[in-house]
Amino acid sequence: MMRKRFYNAIFASGIGFILTCMMVGISLNTEGTTLKVEGASAAQWTWIGIGISLVFLSQLFAGQVDAFLGAVPKPQLSKLLPEEGKRAMLKPWLLAALLVVMLVWPFMVSRGSVDLATLTLIYIMLGLGLNIVVGLAGLLDLGFVAFYAVGAYTYALLSQYFGMSFWACLPLSAGLAALFGFLLGFPVLRLRGDYLAIVTLGFGEIIRILLNNWTSVTGGPSGISGIAKPSLFGLEFTRRAKEEGATTFHEFFGIDYSSSYKVIFLYLIAVILVCFVIYVINRLMRMPIGRAWEALREDEIACRSLGLNRTMIKLSAFTIGASTAGFAGAFFSARQGFISPESFIFIESAIILAIVVLGGMGSQVGVILAAIVMTILPELAREFSEYRMLLFGLLMVVMMRWRPEGLVPMKRPHLELKT
Amino acid sequence: MTETSLYVIQQLINGLTIGSTYALIAIGYTMVYGIIGMINFAHGEIYMIGSYISFIVIAGLLGMGFISLPVILIVALIVAVVIASTYGWTIERVAYRPLRGSNRLIPLISAIGMSIFLQNYVALSQSSRDVALPPQITGGWTFGDPSVFEVSFSYMQLLIWSATLLVMVLLTLFISRSRMGRACRACSEDLGMTNLLGIDTNRIIALTFIVGAALAAIAGLLLGLYYGVVNPYIGFIAGLKAFTAAVLGGIGSIPGAMLGGLILGVTEAMTSAFFPSEYKDVVSFGLLVLILLFRPSGILGKPEVEKV
Amino acid sequence: MSLLLDVNGLTMRFGGLVAVDHVDLAVKHRQVVSIIGPNGAGKTTVFNCLSGFYIPTDGSVVFNGEQVAGMKDFQISRKGLVRTFQHVRLFSKMTVIENMLVAQHRHLKTDLISGLFKTAAYRRQEQEAMDRAVYWLREMDLLEFANREAGNLAYGQQRRLEIARCMVTQPELLLLDEPAAGLNPNETKELDELIVRLRDEHEISVLLIEHDMKLVMGISDHIYVIAQGAPLANGTPDEVKNNPDVIKAYLGEE
């Protein structure tokens, strides 16, 4: 037994050695017009050595490693929390406290932190939207960023060409993204799940290509700049009012101009939008439609036998998910003031998917926590940032193997029965 | 002949060249799908890795002073195939085999994670920029009236055509004649039953991944030489195209993948002949959607009967 | 009285293979009718055709005076013809009560606005759905497990939940595909009583595929025998029991 495992470990490290040598160990370099092959530096070889030893050890103790990873890191959240009855009483207070903290906090920290928090809130919105599609309805959407782009460009274009305000464009962006979701979903949702993944992936690319090439409208690769910021009941957050006669925020309140008002204002809008999205999705999950989404994920054939129209149910999940992305997109372009197709590449879809997978498919709390971790961690460890996508990919593989239900698995609602 | 018709012939030649490499990659998708019913999203990355490995070998041998081109190419081919197959085997072993029997979505997400991982792994260990190799095989034939339009058919294109043809013939013989090939076919009919008959299905599945990866590596070598450029992101689009080809021909069917690849290549070449070339991706994707809508089983695929 | 289900010349071909060949069936109101036959005779394929999972190649399926052959599965089920499966198909990650609520999807107001604002009409409907679910869970002796994940129930309980989930959709005809498979003798006896109760008290008809001959002979009002996709015989349990063709099909030529 031990001997077999030893051979196994030798074999695995041998394979590992071959694979890393041919990529990390040798690299291609262009010198003038000729291509040169270079060996890795001593530091890289050390890393390769460490990696190989890790493979060797993990294979040698594969059983123990599996047992460890399978058993240990499952936090018993329910045990940490108070009793069911108490929790119901505490919940509104806790939520209120959280909200107050979220509203007061930006006034006490730096501008950069507030800006990062706003970005995190955008990813929370996107994560929650994709969570409906992937986590609840079980439809793998790899082109989610396309709907985000539709929302962003809708606001940017309407604002640029027709001077429409952010607040008027917000529902329009969500609506147009939903329409795109509907038009794409209608034909393809009848297909098997894995086809859906590839079609949405292609769709995401198409939207990007169109944005890049339809230069007369979208500005092509150089994008759209100077997108208007949201205003507070007509009060702008600029130093000087754009139009004659209009007042700006600081003039109205008679305070000195500061650019951080704008940042904080954007943050507060994001908080409100996120609260709105959370409320709506929370309701949806407890409504018949939400239950139908999950039922469809569990067993499509049983659903059909019970009279559920699977196309309509999938379509509703797909459309509502898309509209959330559109919503987030409109806010994104308002915050940035500048958008280009570069912001809507496949990697963005992958990051959102990683957020949903890491947090726990179907779990709202999990997705929110994962979005926070995934946006803030790379900022904290800057030198780490080039390894970000590598780690995301690795994380997805590792999670699927050991914890497919995510870090904070979805909790089933407990329904009170009146008997 | 008029200019347009000569131009169309030129595009046809180019399209068949690209199409035959799509076909090589598509076979990997179709074989895996046929047996375990899963889209191996990381397959496009194997092609990219195959391209890199062959560049490394070619540049290395040239640097060491080898000048015999056939020797260089054959060594590059062997090394690329062996290494890429090892990658293919490892991916299956690490990221897919432990997940067998779980919910359909789970191996799919694992595959996407694997694809992102490999892409960034190559980008970090090599560089994310283009790497260019000077053309190794130059020259060709030209015909047509030089004053109107000259159609060219390069030696490189001839190499791609003949290599693809040879590989296809060998693969077909392997699948239809050899014992392993027979086991492969049995697995794609009914995996569970084949297992009960005492065939080690895990070995067959691993073999599928190895064969698929080998073909992708061959495509990687050929396309690498043809374009002369690689970067870590070529696998993404190539994978999408090859998958489209596999669906077009009928997923699960090997002749279908060959046919689908050729059709897709020609369609793309014709599109870029008459429209801006960026739109060829739009057209091939549109083609994918249309096929899925009107003939989900593809040109040569068998319609699926749902088991209730 | 008119027939609840009237099937004529039902035929299903897959390529060259004829899986079901001109099968006729008739089910009256408040009747238990069984289909028996050797393994692979095409019984489940008949069910798949009746419930709309397959579109029959030929023949007519008239349910409650309406032609349903060619309709989509979910449409047929909405007309009141609901089935179970040979292998239990529950929403296993969802709770028992959620399973029961999902089944009532089509009876509920599903527009988004009333749900988002919890209007009075919406709440009333949710309560009704809940009451109906509780009623059937109690009937099936599953009430104490209401908030348990369906996948964690014992096998016999899963079988009962599947039937409860059908009943809560208020069907007129229930198609049961081998409901006794995997049950112990005690549970089979309970199933027997349950089917009789569904017919006598809840006034529905049951079409049954079953291998347990004791169960079939005990409760059926009428039995159809099919072999290799084609009808072999039909009649009351006693007639079928004594039919020489049936004996031959089951026991083989002597």
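Two residues are taken to be in contact if their C-beta atoms, placed from the backbone, lie within 7 Å. On this basis, in the predicted model described here, residues 24 or more positions apart account for 66% of the contacts in chain C with a separation of 6 or more. Chain C contains 10 helices and 10 strands, and buried residues make up 44% of its 254 residues. The C-alpha atoms of chain C fill a box of roughly 70 × 40 × 35 Å along the principal axes. For a compact globule of 254 residues a radius of gyration near 18 Å would be expected, and the value of 19 Å for chain C agrees with this.

Chain C also touches chain A, in a contact that takes 30 residues from chain C and 24 residues from chain A. On the side of chain C, the elements that give two or more residues are α2 (73–78), β6 (81–83), α3 (96–102) and α4 (112–116) of chain C. The residues on this side comprise 12 nonpolar, 9 polar and 9 charged.

The contact between chains B and A takes 51 residues from chain B and 46 residues from chain A. Elements of chain B that give two or more residues to the side touching chain A are α2 (43–63), α3 (69–96), α4 (105–125), β1 (131–132), α9 (234–249) and α11 (279–294), and the largest share of that side, 15 residues, comes from α4(B). By residue class, the side of chain B that touches chain A divides into 38 nonpolar, 10 polar and 3 charged residues.

Methods
Residues are numbered from 1 along each chain as its sequence is written. Chains are lettered from A and ligands numbered from 1 in the order in which they are written. This is a predicted model: local features need pLDDT of at least 70, side-chain atom pairs count only at pLDDT 80 or more; totals for chains, interfaces and linings use all residues. Helices (H or I, at least four residues) and strands (E, at least two) are DSSP runs, numbered from the N terminus. Ala, Val, Leu, Ile, Met, Phe, Trp, Tyr, Cys and Pro count as nonpolar, Asp, Glu, Lys and Arg as charged, and the others, Gly among them, as polar. The radius of gyration is taken over C-alpha atoms; the globule rule is 2.2 Å times the number of residues to the power 0.38. A residue is buried if 20 or more other C-beta atoms lie within 10 Å of its own, exposed if 12 or fewer, and partly exposed in between; C-beta atoms are placed from the backbone.
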